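Work through the exercises below with the sequence and the three-dimensional structure open beside you. Try each task on your own before you read its solution.

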Amino acid sequence: MTRKLKKPQHHIPPLRLQNNTWARTDEQKATTFAHHLSTVFRPFPSQATTEEEEEYILQELSSQHQMALPLQKLRISEVKHIIQHNTHPTKAPGYDLITGTVLKELSPKGIRALTQIYSAILRVEYFPRYWKIGQIIMIVKPGKNPSEVTSYRPISLLPLLSKLLEKILLRRLTPILTAKQLIPDHRFGFRPQHGTLEQAHRLVTHIHEAFNNKCFCTATFIDISQAFDKVWHPGLLYKIKRALPHPMYSILKSYLTDRMFQVRYQEEHTALYTISSGVPQGSILGSILYSIFTADLPVTEQKLTATYAEDTAILASHIDPITATHHLQLHLV
């Protein structure tokens, strides 16, 4: 109790609205954040090259999918292991208020019942709708003006039962991605033995080789704004349908569609808002789905491509600095 009292409370000052008025009460601040995020979780007007291509993608999504074997059967021991080793008691609960402590103290009968629920979800290939509600709290970015809505970073709290199901799906998805080599070698992050240090070593090694060969090394670094929030769902589902078996595609389609969020500030909660783009923030599968969505990033042998999450670095080397720059510019075009 003393620790909670000593913890500093992050108070949000009045927020400036577009009509030059101010949101002062907790309810007004929460509603302002929710209206702003409803525009963020919305796709761009068109991410397809042409209208014909967009129509083709939608037709492919409505076509029949090739049948495949069901997903690997779920066992009680697997659910128990995930709860004991991948659930943190101190993590904040989501929309359903179920904490990690509650899951860790489940009786054997409770774990058996939870296993039956998860098994039914895998069998019918349907992700429960209440597990797709994200509760968002806003944290001000360092050095930003706290009176502007765009100065805050959303932190999404998802139900722990949903995260457990995502870990179960990830265990069945990872072998498929590895066998089909769906994630390119240049993509690092959220993969075993593909961390920040390994990617940094690739870049440094390439620069050293260019230096030893007396070449000029040109580079461009790309940071996509709102990359995870603007993922186009039809395009992502199209790539998933072409690459993954039918049961995995069906449950991932149910996982992505009909997602909603609400903003929580102090004791105020907003209404539910629809999410029509992006991969779920704070989720287990979100980073993997983004990797699948961007797996077809063009690469060439003459250039080194290095990606980590939404950040991309492209390096080109040549004896002539003008030629190296030209090759890099051609690749960007």
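**Exercise 1.** Determine whether lysine 239 is buried, partly exposed or exposed, and find its salt-bridge partner.

Solution. Begin with the accessibility classes, in which buried means under 20% relative accessible area, exposed means over 50%, and partly exposed lies in between (1.4 Å probe, protein chains only). Lysine 239 has a relative accessible area of 22%, and is therefore partly exposed. Next, recall that a salt bridge is a side-chain nitrogen of Lys or Arg within 4 Å of a carboxyl oxygen of Asp or Glu. The side chain of lysine 239 meets that of aspartate 296 in such a bridge, at 3.0 Å from N to O. This pair links distant parts of the chain, since lysine 239 belongs to helix α9 and aspartate 296 to the loop between α11 and β10, 57 residues apart. Aspartate 296, at 53% relative accessibility, counts as exposed.

Before going on, note how the values were obtained. The model is predicted, so that local features need pLDDT of at least 70 and side-chain atom pairs count only at pLDDT 80 or more, while totals for chains, interfaces and linings use all residues. Residues are numbered from 1 along each chain as its sequence is written, and side-chain values use heavy atoms, with hydrogens and water left out.

**Exercise 2.** Explain why helix α9 is described as largely enclosed, and identify what its buried residues pack against.

Solution. Helices (H or I, at least four residues) and strands (E, at least two) are DSSP runs, numbered from the N terminus. Helix α9 covers residues 233–243, and because eight of its eleven residues are buried, the helix is largely enclosed by the rest of the structure. Among these buried residues are His233, Leu236, Tyr238 and Ala243. The buried residues of α9 pack against α3 (51–62), α7 (160–180), α10 (246–256), β9 (273–275) and α11 (286–293).

**Exercise 3.** Describe the surroundings of histidine 233.

Solution. Histidine 233 is part of helix α9, and with a relative accessible area of 10% it is buried. Contact means heavy atoms within 4.5 Å. If neighbours within four places in sequence are left aside, histidine 233 is in contact with Leu256, Ile275, Ser276, Ser277 and Gly278. With glycine 278 there is also a short distance to note, as its backbone oxygen lies 2.7 Å from a polar atom of the histidine 233 side chain.

**Exercise 4.** Find the strands that pair with β10 and state the direction of each pairing.

Solution. Two strands pair if DSSP finds at least two bridges between them. Strand β5 (residues 187–188) is joined to β10 by two bridges, and these strands run parallel; here arginine 187 has threonine 307 as its bridge partner. Strand β11 (residues 311–318) pairs with β10 over six bridges in the antiparallel sense, and lysine 303 has alanine 316 in β11 as its bridge partner. β10 and β11 form a hairpin with two residues between them, and alanine 309 in the turn has a positive phi of about 55°. Five of the six residues of β10 (residues 303–308) are buried, so this strand is largely enclosed by the rest of the structure.

**Exercise 5.** How far apart in the chain are glutamate 78 and arginine 171?

Solution. First, the side chains of glutamate 78 and arginine 171 meet in a salt bridge, at 3.9 Å from N to O. This pair links helix α4 (residues 76–86), which holds glutamate 78, to helix α7, which holds arginine 171, and the two residues are 93 residues apart. Glutamate 78 is buried at 12% relative accessible area, whereas arginine 171 is partly exposed at 39%.

Terms used
Polar contact = N/O pair within 3.5 Å; in protein donor to acceptor, adjacent residues only side chain to side chain.
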